[in-house]
Amino acid sequence: MAQTKTLSRGLRGTLGAFTAVVLVFIYVPLLLVLLNSFNTDNTFGWPPPGLTLHWWKVAWESQGARDALWTSVKVACAATVVALLLGTLAAMALRRTRFFGRNVVSLLIILPIALPGIVTGLAFQNEFSTILGIGLSLWTVIIAHATFCIVTVFNNVQARFQRLGTSFEQASMDLGAGRWTTYRLVTFPMLRSALLAGALLSFGLSFDEIVVTTFTASPHDQTLPLWILNNLFRPNQAPVVNVVAAVLVVLSAVPIYLAQRLSGSQAEAINIP
Amino acid sequence: MLDRRPGLRVGLLLTPPMLWLGVAYLGALAALLVTSLWTQDDFTGNIERIWTLDNFRQLFTVDVYRTITLRTIGIAALVTVVDAVLAFPIALYMAKVASPRTQRLLVIAVLTPLWASYLVKAYAWRGMLSADGPIAWIANPFGLDTPGYGLPAVIITLSYLWLPYMILPVYAGLERVPDSLLEASSDLGGGSWTTIRRVVLPMAFPALVAGSIFTFSLSLGDYITVQIVGGTSQLLGNVVYDNQGAANNLPFAAAVATVPIVVMVVYLALARRVGALEDL
């Protein structure tokens, strides 16, 4: 695919140089966060007057950060489970069927992520507290997060269905397998890596979400992004926040690694010419 | 039985997601519109279910809100343009110039910052732009200075945050442009620039629009980046945020929130016409 010779040499060189410059611009701020987590100056003066591991130790012992991390993991897991169920069901329903509401359904699935988070957040807050009179809690956060996570699973599963067609399942049915057996032995294994990829994205979206969370969480519930935002402007907490930020930057490589592994193995597992 | 009644099968499969999205989510949006037509008792802070257009009257007639609305839409548009201009050459390099190996590495390089926390990235720019940060440190010897915290900082930071959302769909769109088309154009005497302008750009346009849905919508509702690097400036999101919660004026916040909803519905309708929704 790549390396067309139709573009002139000069242009190809310019595009490459441009890409390199923008990548530098993308990574420098992240490296700054990493470096500042070792900065002895707690207002992050540049260049750093000295390096220390002190803030890492303080951050490690911070109960607030640990609790917030745990809360975020719980919320992201629960939202992902809901998104997996609803996203898969929706993708299965829209498969092989062309009915009038098809476009409406896909638009409805995209909508929560296409509208700004502040709209989704305020709409749920208003629904829960003003209209229904339910107090805000972790459950309301999970409901709101799951809503915009459905699209990640739906998109992945739908793309997989489109790519694979229905011949495998038809073969299974022709060979006498029932609907459930076919689902268990053919459809599900075929979807497994798409489901994992969707779940990974959904977990990441929920874990990072701050706007919708601000609007739907009770004052006692603190996810990690909420904790970071609350401590960002406290002078003596800023270095600890920076360490947590640095950890998150490093951890962001994990899902990328997993996703690469997934897409790599899937190319091997399904040999479609 | 399910095999003979495809309608029933679709119905059963669709019921749970449609209850969630159609009833809970659309219901919440509808309730938001209804609430924007209510009012709040200034003394008790309770929401009173009296129908009125006052919130909208206030939104459209008070100068501050009009300015903030226009400023927000302007910033969202500017961020989208900046991201499109930055993303297109990178996506073109990834899809049509880089070797398969470099291509894979570049996709990873673009994806990784997407997973780094939003707050961390906004916060990183607070560090970059601060008066004794690296930008000031580099610029000072040249007699220049950091832009500091304010609207330019908001535009830089938002463009930074949403850039991968633009690169990835455009890259996917360019991947689908067959090389043979580029060759045909060059065989017919089109130079590189002509090929890009008359063949590649028109074909990548739906993908650019698809990416712009994210950059535009995410900028339109943002209020946290503004808090972190925006100094004292305000966007629509800040107005919504400041008016929400029991102690404040939720009906007015709801009225303000209808602005991004209307803008995005119009935007999505336009995007649909150029076929961008299939590229999401």
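**Contacts and helices in a predicted two-chain model**

In this predicted model, 71 residues of chain A are in contact with 77 residues of chain B. On chain A, helix α1 (residues 9–36) supplies the largest share of the side that touches chain B. Its contribution is 14 residues. Sorted by class, that side of chain A holds 50 nonpolar residues. A further 17 are polar, and 4 are charged.

One helix pair that joins the two chains can be described in detail. Helix α3 of chain A spans residues 63–94, and helix α1 of chain B spans residues 6–35. Their axes come within 8 Å. They cross at roughly 140 degrees. Angles over 145 degrees count as roughly antiparallel, and those from 65 to 115 as roughly perpendicular. The pair α3(A) and α1(B) is therefore oblique. The crossing of α3(A) past α1(B) is left-handed. From α3(A), the contact is made by A:Leu86, A:Leu89, A:Ala90, A:Met92 and A:Ala93. From α1(B), the residues are B:Val10, B:Leu13, B:Leu14, B:Pro16, B:Pro17 and B:Trp20. By class, this contact has 11 nonpolar residues. It has no polar and no charged residues.

Chain A comes next, taken as a whole. Chain A contains 12 helices and 0 strands. Read from the N terminus, its elements run α-α-α-α-α-α-α-α-α-α-α-α. Along the principal axes, the C-alpha atoms of chain A fill a box of roughly 70 × 65 × 30 Å. Chain A has 273 residues, and 46% of them count as buried. Contacts in chain A with a separation of 6 or more were also sorted by distance along the sequence. Residues 24 or more positions apart account for 74% of these contacts.

Chain B has 12 helices and 2 strands. The order of its elements from the N terminus is α-β-β-α-α-α-α-α-α-α-α-α-α-α. Both strands thus follow helix α1 in that order. The box filled by the C-alpha atoms of chain B is roughly 75 × 75 × 30 Å along the principal axes. Of the 280 residues in chain B, 49% count as buried. Among contacts in chain B between residues at least 6 apart in sequence, 70% join residues at least 24 apart.

Annotations from UniProt can be set beside the model. For chain A, an unreviewed UniProt entry gives the annotation "transmembrane region" to residues 15–38, 68–92, 104–124, 130–154, 194–218 and 238–258. In the model, residues 15–38 of chain A are 92% helix and 0% strand. The end C-alpha atoms of this span lie 35 Å apart. Residues 104–124 of chain A are 90% helix and 0% strand. Here the end C-alpha atoms lie 21 Å apart.

For chain B, UniProt (unreviewed entry) lists "transmembrane region" at residues 12–34, 73–93, 105–124, 149–168, 207–230 and 250–270. Residues 12–34 of chain B are 100% helix and 0% strand in the model. The end C-alpha atoms of that stretch are 31 Å apart. Over residues 149–168 of chain B, the chain is 90% helix and 0% strand. The end C-alpha atoms of residues 149–168 are 29 Å apart.

Technical notes:
Residues are numbered from 1 along each chain as its sequence is written. Chains are lettered from A and ligands numbered from 1 in the order in which they are written. This is a predicted model: local features need pLDDT of at least 70, side-chain atom pairs count only at pLDDT 80 or more; totals for chains, interfaces and linings use all residues. Helices (H or I, at least four residues) and strands (E, at least two) are DSSP runs, numbered from the N terminus. A residue is buried if 20 or more other C-beta atoms lie within 10 Å of its own, exposed if 12 or fewer, and partly exposed in between; C-beta atoms are placed from the backbone. Two residues are in contact if their C-beta atoms, placed from the backbone, lie within 7 Å. Ala, Val, Leu, Ile, Met, Phe, Trp, Tyr, Cys and Pro count as nonpolar, Asp, Glu, Lys and Arg as charged, and the others, Gly among them, as polar. UniProt positions are given in the numbering used here, feature names are shortened, and annotations may be inferred rather than shown by experiment. Axes are lines fitted to C-alpha atoms, for helices over the stretch in contact, and angles run from 0 to 180 degrees between N-to-C directions. Angles under 35 degrees count as roughly parallel, over 145 as roughly antiparallel, 65 to 115 as roughly perpendicular and the rest as oblique. A crossing is left-handed if the near helix is turned anticlockwise from the far one by less than a right angle, and right-handed if clockwise.
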